[in-house]
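Biologist: Hey, got a minute to walk me through a protein model? I'm new to this, so plain words please.

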Amino acid sequence: MDGGEGTDNGQGMGPILEGSQLAYIEHGCASIPQELGQWYGSKVTRLDLSFNCIRSLEGLDRFTLLEELVLDNNDIDDSIQFPQMPKLHTLQINKNKISNIDSFTDKLKANCPSLTYLSMLGNQACPNELLSLDKDEEDYQRYRYYVIFKLEKLRFLDSRPVKESERNEAKRVGSYMRVVKADETDMGVPNSSDTSAEKYNPLPEDTKDGGQHQGTFGRCRYVYYGRHSEGNRFIRNSDL
């Protein structure tokens, strides 16, 4: 079967059609094979494309009745584009390469207006304290508030239902939960590829030339004999 950009490596068993549910798993394809849309697009309500190498959803628009979409364990990143899917209420996109939750939720809001179930565990955009030492439960909760704020119809996010109290809190603080990554150029971090940039040296300009150095280095014994010095408390009798 022609997989567009990808090739079918023959490891999968599909396509497997059971009623209105279609599974096409473990074929190593980078995009949705055209034949799937041609043969099953007008009758499938649930499509499972797990364990492939999918990077593009081109051809998904052929599935006009789609209500559930499973894309776990693929190569989907922030460049992914969704077609209009007005009937889609469930999206599982666990273990992919999504890092920008802001743009991702914008795409879902614009193209999947009926979405009520979303799971994106295992993506960089979804904080996981078990996989990242710099993340904790508070990071995950902030992420939940922001996603629930952006996608108001969600009733289930990842492995937990959306409680009414959580939804109310998301309305109150969700807009402030957006995570913004600092630009290294704004932080004054030099570009490592810029070979013309002079390396930082804390010494004054007139001391950088090693040939003009006039300092000395060695051991020096110095005892202060001031009568009112606090240091006198630590001077031994043998030093007097």
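Modeller: Sure, let's go through helices, charged pairs, cysteines, rings and the core. Keep in mind that this is a predicted model.

Biologist: Okay, helix 2 then. Which of its residues are buried?

Modeller: Helix 2 covers residues 101-111, and its buried residues are I101, D102, F104, T105, K107, L108 and N111.

Biologist: And what covers them?

Modeller: The cover includes strand 7 (90-92), strand 8 (117-119) and helix 3 (137-150).

Biologist: What goes on at the start of helix 2?

Modeller: There, N100 has a side-chain oxygen within 3.1 Å of the backbone nitrogen of D102.

Biologist: D102 has a charged side chain, I think. Does that topic come next?

Modeller: Yes, let's do salt bridges. Side chains of opposite charge can pair when their charged atoms come close. In this model the count is 7 salt bridges. One of them joins K150 and D102, with N and O 3.1 Å apart.

Biologist: Which parts of the chain does that pair tie together?

Modeller: K150 sits in helix 3 and D102 in helix 2, so the pair links parts that are 48 residues apart in sequence.

Biologist: Are those two buried or exposed?

Modeller: Both K150 and D102 are buried. K150 counts as buried because its relative accessibility is 9%, and the cut-off for buried is under 20%.

Biologist: What's the N to O distance between K150 and D106?

Modeller: K150 forms a salt bridge with D106 too, and the closest N and O atoms are 2.9 Å apart. D106 lies in helix 2 and K150 in helix 3, so this pair ties together parts 44 residues apart in sequence. D106 has a relative accessibility of 39%, so D106 counts as partly exposed.

Biologist: How are D102, D106 and K150 linked?

Modeller: They are linked in a network of salt bridges.

Biologist: Got another salt bridge, maybe from helix 4? Where do R172 and E169 lie?

Modeller: R172 and E169 are both in helix 4 (residues 164-173), 3 residues apart, which is about one turn of the helix. Their side chains meet in a salt bridge at 2.5 Å, N to O. R172 is exposed, because its relative accessible area is 55%, while E169 is partly exposed at 24%.

Biologist: Back to helix 2 for a sec. What does N111 touch?

Modeller: Leaving out residues up to four places away in sequence, N111 touches F82, P83, Q84, M85 and P86. With Q84, the side chain of N111 makes a polar contact of 3.1 Å. The N111 side chain also reaches the backbone oxygen of K107, at 2.9 Å.

Biologist: Why does N111 count as buried?

Modeller: N111 counts as buried because its relative accessibility is 13%.

Biologist: New topic: cysteines. How many disulfides are there?

Modeller: The structure holds 0 disulfides. For C29, the nearest cysteine sulfur is that of C53, 7.5 Å away. A disulfide needs the two sulfurs within 2.5 Å, so C29 and C53 don't make one.

Biologist: Is C29 buried or exposed?

Modeller: C29 is buried, with a relative accessible area of 1%. C112 counts as buried as well, at 3%.

Biologist: What about ring-shaped side chains? How many aromatic pairs are there?

Modeller: The whole structure has 4 aromatic pairs. Take W39 and Y40: their ring centres are 6.1 Å apart and their planes are at 85°, so that pair is edge-to-face. W39 is partly exposed at 46%, whereas Y40 counts as buried at 16%.

Biologist: Last one, the inside. How many residues does the largest nonpolar core have?

Modeller: It has 45 residues, and L91, I93 and L118 are those with the most contacts inside it. Helix 1 (34-40), helix 2, helix 3 and helix 4 each supply at least two residues of this core. The largest share, 6 residues, comes from helix 3.

Biologist: So what does L91 contact?

Modeller: Setting aside neighbours within four places in sequence, L91 is in contact with L69, L71, F82, F104, L108, L115, Y117, L118 and S119. Among them, F104 and L108 are buried residues of helix 2.

Biologist: Is there a general idea behind that?

Modeller: In soluble globular proteins, nonpolar side chains tend to be buried together.

Note on methods:
Residues numbered from 1 in each chain as written. Predicted model: local features only at pLDDT ≥ 70, side-chain atom pairs only at ≥ 80, totals over all residues. Heavy atoms only, no water. Buried < 20%, exposed > 50% of the residue type's maximum accessible area, 1.4 Å probe, protein only. Helix = DSSP H or I, 4+ residues; strand = E, 2+ residues; numbered from the N terminus. Contact = heavy atoms within 4.5 Å. Polar contact = N/O pair within 3.5 Å; in protein donor to acceptor, adjacent residues only side chain to side chain. Salt bridge = Lys/Arg side-chain N within 4 Å of Asp/Glu carboxyl O. Phe/Tyr/Trp six-rings, centres within 6.5 Å; stacked < 30°, edge-to-face > 60°. Core = buried A, V, L, I, M, F, W, Y, C linked by side-chain atoms within 4.5 Å.
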